[in-house]
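I set aside this session to go through one model and to write down, entry by entry, what I looked up.

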Amino acid sequence: MLIYLPGNHFNIFGLKKKITLKHIARELEVSISTVSKALKNSEEIGRDTKEKVQAFAKLYNYKPNNIAISLKNKRTKNIGVVIPAIVHYFFTTVFRGIEKYANAHGYNVIVCVSDESFDKEVINMEMLANGSIDGFIMSLSAETQQKGDFNHLKEVTEQGIPLVLFDRVTEEVACDKVIINDTEIAYQAAEKLIKDGRKKIALITTYGYFNVSQKRAEGYRKALIDHGLDYTEDLILQLPYREINEESILDFFDNNQIDAVLCVNELFAILCMKLIQKRGFHVPKDISFIGFTDGILSRYASPALTTVAQHGDRMGEVAAQMLIERIESDIDEDEETFRTEIIGATLIERESTCN
């Protein structure tokens, strides 16, 4: 029996990271398929190779990823989609785009909602895997981004299971991604307010662990500085993604002489407009508003909200196309390169800003 003595890639006594098929294949200079077959004692693999692979796996206590195995063993023509919330118009439009493209190419779509929960996100992935799907399209939950724990995603991708992240993404996971030009469009939105003559422009946003909020804050900040306006943390209000305290919003407006507001979503914008109008302010004469997501609420708000259209339908179509191409490709994993597609957002002007 051949015993493989590893080089410097792994530390027997200090190994913390769970090894995967990809690690074993790279270390032994064989394909992932060879490793998988060798561990299953396949007759397709020579005895020496099987013994070498099995010895290495035993030495490093390799444990197969049951989620990934159930995905990899079958081609079901099903796609699993995990979104953070169904009540937000943006996510429903993305799902609509995914379903349209997938159905047109012979795939069914199964959707689950994480409800912004890390645990539910992990459970959803396990459930979808047990239901036999070919790959995932996901937008990360709030808790996942807050924890910074992406191991459940890495385990799947390291087994060669296709994953596409959209909107809420992380650079810590090697996979295809679809986003909008968040920084650029936030800059354009803030610049629109500046050109309307606004001087005290506030940003109402979520907590910084949301990658989209970070990028939109960057665009807001850059626009103010480029146009010679004071950028101060006093003009930034961070709100939780649920259970918003209306008093904190009123206090923010009472303590700052604000004449314009950029909000990172339409819910924040419409809520804030309602509250300040009850205070006797007029929109947009006294305070202008711009929000993200061109949803039904934006169009029927009073006044109608100027918004950033994120083109969720298009984002969904692109995500589905990327995933299906990955599912059906025969590219060796060691040669894989991942790409990020950027969808250009559009500023739609309505009554909440001056024309």
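**Entry 1: a glycine in a loop**

I began with Gly 344, which I found in the loop between strand S11 (340-343) and S12. Since I wanted to keep the status of the coordinates in mind, I noted at once that this is a predicted model. Is Gly 344 buried or exposed, or something in between? Its relative accessible area is 43%, and because the partly exposed class lies between 20% and 50%, I entered Gly 344 as partly exposed.

I then asked which residues Gly 344 touches once those up to four places away in sequence are not counted. I found Asn 181 and His 311. I also looked up the C-alpha separation of Gly 344 and Ile 179, and wrote down 8.9 Å for this pair, whose members are 165 residues apart along the chain.

**Entry 2: His 311 and a second residue with positive phi**

His 311, already noted as a contact of Gly 344, sits in the loop between S10 and H14. Its phi is near 55°, which is a positive value in a residue other than glycine. For accessibility I recorded 34%, so His 311 counts as partly exposed.

Asn 61 also went on my list, with phi near 55°, again positive in a residue that is not glycine. I located Asn 61 in the loop between H3 and helix H4 (66-72), and with a relative accessible area of 51% I entered it as exposed.

**Entry 3: helix H8 and the glycine after it**

Which residues of helix H8 (residues 151-158) are buried? I listed His 152, Leu 153, Val 156, Thr 157 and Glu 158. Following H8 I came to Gly 160, where phi is positive and near 85°.

**Entry 4: the open sheet**

I next traced an open sheet of six strands, whose order I wrote as S7-S6-S8-S9-S10-S12 and whose pairing is mixed. Strand S7 (236-238) and strand S12 (346-348) stand at the edges, and because each has a single partner strand, one side of each is left without a neighbour in the sheet. On average, and with direction ignored, neighbouring strands are turned by 20° against each other.

Within the sheet I followed one pair, strand S8 (residues 260-263) and strand S9 (residues 288-292), which run in the parallel sense and are joined over three bridges. In this pairing Leu 262 stands opposite Ile 290 in S9.

Two of the helices that I checked pack on the sheet. Helix H11 (residues 246-254) touches strand S6 (201-205), S7, S8 and S9, and its direction makes about 175° with that of S7. Helix H12 (residues 266-278) touches S6, S8 and S9, and here I recorded about 155° between its direction and that of S9.

**Entry 5: cis peptide bonds**

Moving on from H12, I came to the loop between H12 and S9, where Pro 284 is placed. The peptide bond from Val 283 to Pro 284 is cis, with omega near 10°. I noted another cis bond from Ser 302 to Pro 303, where omega is near -5°, and Pro 303 belongs to the loop between helix H13 (296-300) and strand S10 (306-309).

**Entry 6: two helix pairs**

At what angle do helix H5 (residues 89-104) and helix H14 (residues 312-328) pack? I wrote down about 45°, with the axes 6 Å apart, and H5 and H14 are therefore oblique to each other. H5 passes H14 in a right-handed crossing. Among the residues that make the contact I picked out Phe 90, Val 94, Gly 97, Ile 98 and Tyr 101 of H5, and Gly 312, Met 315, Gly 316, Ala 320 and Ile 324 of H14. By class, this contact has eight nonpolar, five polar and four charged residues.

For helix H1 (residues 21-28) and helix H3 (residues 47-59) I found that the axes come within 11 Å and cross at roughly 125°, so that H1 and H3 are oblique to each other. The crossing of H1 past H3 is right-handed. Ile 24, Glu 27 and Leu 28 of H1 meet Lys 52, Val 53, Phe 56 and Ala 57 of H3, and I classed the residues of this contact as five nonpolar, no polar and two charged.

Terms used. Residues are numbered from 1 along each chain as its sequence is written. This is a predicted model: local features need pLDDT of at least 70, side-chain atom pairs count only at pLDDT 80 or more; totals for chains, interfaces and linings use all residues. Side-chain values use heavy atoms; hydrogens and water are left out. Axes are lines fitted to C-alpha atoms, for helices over the stretch in contact, and angles run from 0 to 180 degrees between N-to-C directions. Helices (H or I, at least four residues) and strands (E, at least two) are DSSP runs, numbered from the N terminus. Angles under 35 degrees count as roughly parallel, over 145 as roughly antiparallel, 65 to 115 as roughly perpendicular and the rest as oblique. A crossing is left-handed if the near helix is turned anticlockwise from the far one by less than a right angle, and right-handed if clockwise. Contact means heavy atoms within 4.5 Å. Ala, Val, Leu, Ile, Met, Phe, Trp, Tyr, Cys and Pro count as nonpolar, Asp, Glu, Lys and Arg as charged, and the others, Gly among them, as polar. Two strands pair if DSSP finds at least two bridges between them. Buried means under 20% relative accessible area, exposed over 50%, partly exposed in between (1.4 Å probe, protein chains only).
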